[in-house]
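Biologist: Could you take me on a close tour of a single part of this protein, starting from one residue and working outward? I'd enjoy a connected account rather than a list.

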Amino acid sequence: MNSEEEKKLVSSLILGVLSGRIGVLEALKRFPKDRYNPTIKCCWHALVHYEADEDLRRKDADYKREQDDYLLMLSEMLDRGEDVPQNILDEYEKYHGDTMMPYGESFGEKFLSLFKFLNISKF
């Protein structure tokens, strides 16, 4: 799958989540395996935050609207074949710079990246 196809796929996954046609966890499973592409990685983390903020989204309508608008903006950029702007990537880098998406080629890579993702690799 080339970069343009990956962007289109991620765009459709984000829209699927926003419309309720697909759950976040299923969308994350279907993400492209290119864990080094900054745009794909950023969008993956945006959906992880969407899922993690479920309680806050129920309590705060403004937060929910802002998060939905943000994901919609990402989806529209990807659908046009654009990368996520550098300023957004820089913000994600501050918090997720060394955190990999939990993918890998072998079982060992998947296992180690899961520990790194869960931030328990130092135990």
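**A close look at D68 and its helix**

Modeller: Happy to! The protein has seven helices and zero strands, so along the sequence the pattern reads α-α-α-α-α-α-α. Please keep in mind that this is a predicted model. Of the 123 residues in the protein, 38% are buried. Among contacts with a separation of 6 or more, 57% join residues 24 or more positions apart.

Let's begin with D68, which sits in helix α5, residues 61-79. Its relative accessibility is 18%, and because the cut-off for buried is under 20%, D68 counts as buried. The side chain of D68 has a polar partner: it makes a polar contact with the side chain of R57, at 2.7 Å. Leaving aside residues up to four places away in sequence, D68 touches L18, Y50 and R57. Two of these names will come back below, since L18 belongs to the α1 residues that meet α5 and Y50 to the α3 residues that do.

Now step back to the helix itself. With 19 residues at 1.5 Å a residue, α5 should span 27 Å, and its end C-alpha atoms are indeed 27 Å apart, so the two values agree. At the N-terminal end of α5, D60 acts as a cap, with a side-chain oxygen 3.1 Å from the backbone nitrogen of D62. Just after α5 comes G81, with a positive phi of about 85 degrees.

D68 has buried company in α5: Q67, L71, L74, S75, M77 and L78 are buried as well. A helix rule helps in reading such a list: an α-helix has 3.6 residues a turn, so residues three or four places apart point the same way. The cover over the buried residues of α5 includes α1 (3-19), α3 (38-52) and α4 (54-59).

Take α3 next. The axes of α3 and α5 come within 11 Å and cross at roughly 155 degrees. Angles over 145 degrees count as roughly antiparallel, and α3 and α5 are therefore roughly antiparallel to each other. Their crossing is left-handed. On the α3 side, the residues that meet α5 are T39, C42, C43, A46, L47, H49 and Y50; on the α5 side they are Q67, D68, Y70, L71, L74 and L78.

Then there is α1. The axes of α1 and α5 come within 8 Å and cross at roughly 150 degrees. That makes α1 roughly antiparallel to α5, and this crossing is left-handed. K7, K8, V10, S11, I14, L15 and L18 in α1 meet a set in α5 made up of D68, L71, L72, L74, S75, L78 and D79.

As for α1 on its own, its 17 residues reach 24 Å from first C-alpha to last, close to the 24 Å expected at 1.5 Å a residue. N2 caps the N-terminal end of α1, placing a side-chain oxygen 3.0 Å from the backbone nitrogen of E4. Just after α1, G20 takes a positive phi of about 85 degrees. Buried in α1 are E6, K7, V10, S11, L13, I14, G16 and V17, and these buried residues pack against α2 (24-29), α3 and α5.

To return to where we started: D68 is among the α5 residues that meet α3, and D68 is also among those that meet α1, while its side chain makes the polar contact with R57.

Technical notes: Residues are numbered from 1 along each chain as its sequence is written. This is a predicted model: local features need pLDDT of at least 70, side-chain atom pairs count only at pLDDT 80 or more; totals for chains, interfaces and linings use all residues. Side-chain values use heavy atoms; hydrogens and water are left out. Helices (H or I, at least four residues) and strands (E, at least two) are DSSP runs, numbered from the N terminus. Buried means under 20% relative accessible area, exposed over 50%, partly exposed in between (1.4 Å probe, protein chains only). A polar contact is a pair of N or O atoms within 3.5 Å; within protein, one must be able to donate a hydrogen and the other to accept it, and residues adjacent in sequence count only if both atoms are side-chain atoms. Contact means heavy atoms within 4.5 Å. The expected span of a helix is 1.5 Å times one less than its number of residues. Axes are lines fitted to C-alpha atoms, for helices over the stretch in contact, and angles run from 0 to 180 degrees between N-to-C directions. Angles under 35 degrees count as roughly parallel, over 145 as roughly antiparallel, 65 to 115 as roughly perpendicular and the rest as oblique. A crossing is left-handed if the near helix is turned anticlockwise from the far one by less than a right angle, and right-handed if clockwise.
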